[in-house]
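This report covers one protein model. It begins with a charged pair and works outward to the fold.

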Amino acid sequence: DYLRFGYVTSEAQAIVAQQNCLVTTGVTESTLKFNDEAQSNPAVGFLTTIDPDAEVTFKASYSGYYAAGSTAESRAESASKLPWKLERTTSQAAAYETATGGKVLLATNADFYNVDTYQPLGYLIMEGNVLQSYGSRQQPYFAVLKDGSFAIRDFGASTADVEEAV
């Protein structure tokens, strides 16, 4: 099976058009156009499909975690002290590239957040550092495990073997 992230629409709508764009080998981003039978409720969504054999890495991110000059050790030390604040996904991707020298090919929002505090509403684990393991959204979470595999886990499941999670 392929791993897919994306937009979910109501059951009353159907895909009426799809355009695929190859991001890199094994990773495709699709633009999906939806509408209802009466053609009165158009919507556009995006879906990323990742082949399990694709040579890509999943990284969670949050504002302020990746900073210029930071190291894995300094990020681990500051992880529990990060303030919750809003930052564009593109800014987080740029900060990751600056801090690590890595290259971000695709970035997407991964969870809902509290609109008053900007705190994510579910799990948030980055580089094995648990920034949040609670919240008002006690739903399953997506995890990249320390062995490189990925899983969808139930809320409350052990995170001891988790490298990244949202």
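## A charged pair late in the chain

Asp-161 and Arg-153 form a salt bridge, with their closest N and O atoms 2.8 Å apart. The model is predicted. Asp-161 is partly exposed, at 31% relative accessibility. Arg-153 counts as buried, at 18%. The cut-off for buried is under 20% relative accessible area.

## The other salt bridges

How many salt bridges does the structure hold? There are three. Side chains of opposite charge can pair when their charged atoms come close.

Glu-164 pairs with Lys-59, and the closest N and O atoms are 2.9 Å apart. Glu-164 sits in strand 9, while Lys-59 belongs to the loop between strand 4 (43-50) and helix 1 (72-78), so this bridge ties together parts 105 residues apart in sequence. Is each partner buried or partly exposed? Glu-164 is buried, with a relative accessible area of 3%. Lys-59 is partly exposed, at 33%.

Arg-75 forms a salt bridge with Glu-127, and here the closest N and O atoms are 2.8 Å apart. Arg-75 lies in helix 1 and Glu-127 in the loop between strand 5 and strand 6 (129-132), so the pair links parts that are 52 residues apart in sequence. Arg-75 counts as buried, at 5% relative accessibility. Glu-127 also counts as buried, at 19%.

## Nonpolar cores

The largest nonpolar core has 11 residues. Four tyrosines belong to this core: Tyr-62, Tyr-65, Tyr-66 and Tyr-96. Ala-60, Ala-79, Ala-99, Leu-82, Leu-124, Leu-131 and Met-126 complete the set. Helix 2 (89-100) and strand 5 (124-126) are the elements that give two or more residues to this core. A second, separate core has seven residues, among them Tyr-123, Ile-125, Tyr-141 and Leu-145.

What does Tyr-65 touch beyond its neighbours within four places in sequence? Its contacts include the core residues Ala-79, Leu-82, Met-126 and Leu-131. Tyr-65 also contacts Ser-70 and Asn-129. Arg-75 and Glu-127 are on the contact list of Tyr-65 as well. These two residues are the salt-bridge partners described above.

## The second largest pocket

About 170 Å³ of space lies in the second largest pocket. Its lining has 15 residues. Which of them lie nearest the pocket centre? They are Val-56, Thr-57, Phe-58, Val-144 and Gly-148. Strand 7 (141-145) and strand 9 (162-165) are the elements that give two or more residues to the lining.

By class, the lining is mixed: eight residues are nonpolar, five are charged and two are polar.

## Overall fold

The protein has two helices and nine strands. Along the sequence, the pattern reads β-β-β-β-α-α-β-β-β-β-β. The C-alpha atoms fill a box of roughly 55 × 35 × 30 Å, taken along the principal axes.

The protein has 166 residues, and 30% of them are buried. How much of the contact set spans long stretches of sequence? Among contacts between residues at least 6 apart in sequence, 46% join residues at least 24 apart.

Notes
Residues numbered from 1 in each chain as written. Predicted model: local features only at pLDDT ≥ 70, side-chain atom pairs only at ≥ 80, totals over all residues. Heavy atoms only, no water. 1 Å grid on protein atoms, 1.4 Å probe; cavity = no way out; pocket = protein on both sides within 12 Å on 5 of 7 lines; lining within 4 Å. Points joined across faces, edges and corners; volume = space filled by probe spheres on them. Helix = DSSP H or I, 4+ residues; strand = E, 2+ residues; numbered from the N terminus. Nonpolar A, V, L, I, M, F, W, Y, C, P; charged D, E, K, R; others polar. Core = buried A, V, L, I, M, F, W, Y, C linked by side-chain atoms within 4.5 Å. Buried < 20%, exposed > 50% of the residue type's maximum accessible area, 1.4 Å probe, protein only. Contact = heavy atoms within 4.5 Å. Salt bridge = Lys/Arg side-chain N within 4 Å of Asp/Glu carboxyl O.
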